[in-house]
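Trainee: I would like a close look at a single part of this structure. Please take me through it step by step.

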Amino acid sequence: MNSIIDDMFNDPNEWHSFSDCVTNVTDKSLSKEELRSIFNTLPRQVQAIAFAWGLSDTVFRDEVYTFMVKERE
């Protein structure tokens, strides 16, 4: 599983999309390591979307946004 995560985070197009999503919620620019840490806190069903379709997938980014907004409340 970690090698799949490594592959996703080694593709700049993938993790930049995830970064944009996280930045929209936090108003902070985070490092790749910080983003990976956030990824690891996501619910398994949200992570599963990324494993199937990638970090740049619209459904994945929508789920991340929704999860992070709820966590901030």
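Mentor: Here is one helix, followed by the core it belongs to. This is a predicted model: local features need pLDDT of at least 70, side-chain atom pairs count only at pLDDT 80 or more, and totals for chains, interfaces and linings use all residues. Residues are numbered from 1 along each chain as its sequence is written, and side-chain values use heavy atoms, leaving out hydrogens and water.

Take helix α5, residues 58–72. Helices here are DSSP runs of H or I, at least four residues, numbered from the N terminus. With 15 residues at 1.5 Å a residue, α5 should span 21 Å, and its end C-alpha atoms are indeed 21 Å apart. That expected span is 1.5 Å times one less than the number of residues.

Look at the start of α5. A side-chain oxygen of Asp57 comes within 3.1 Å of the backbone nitrogen of Val59.

Now the buried residues (under 20% relative accessible area, 1.4 Å probe, protein chains only). In α5 they are Phe60, Val64 and Met68. They lie on the same side of α5, because they cover an arc of only 60 degrees around the axis. The arc is taken from the directions from the helix axis to the C-beta atoms. These buried residues pack against α2 (12–26), α3 (32–41) and α4 (44–53).

Next, the largest nonpolar core. The core has 20 residues, and Phe60 and Val64 are among those with the most contacts inside it. Its largest share, five residues, comes from α2. In general, nonpolar side chains tend to be buried together in soluble globular proteins.

Notes: Helix = DSSP H or I, 4+ residues; strand = E, 2+ residues; numbered from the N terminus. Buried < 20%, exposed > 50% of the residue type's maximum accessible area, 1.4 Å probe, protein only. Contact = heavy atoms within 4.5 Å. Polar contact = N/O pair within 3.5 Å; in protein donor to acceptor, adjacent residues only side chain to side chain. Core = buried A, V, L, I, M, F, W, Y, C linked by side-chain atoms within 4.5 Å.
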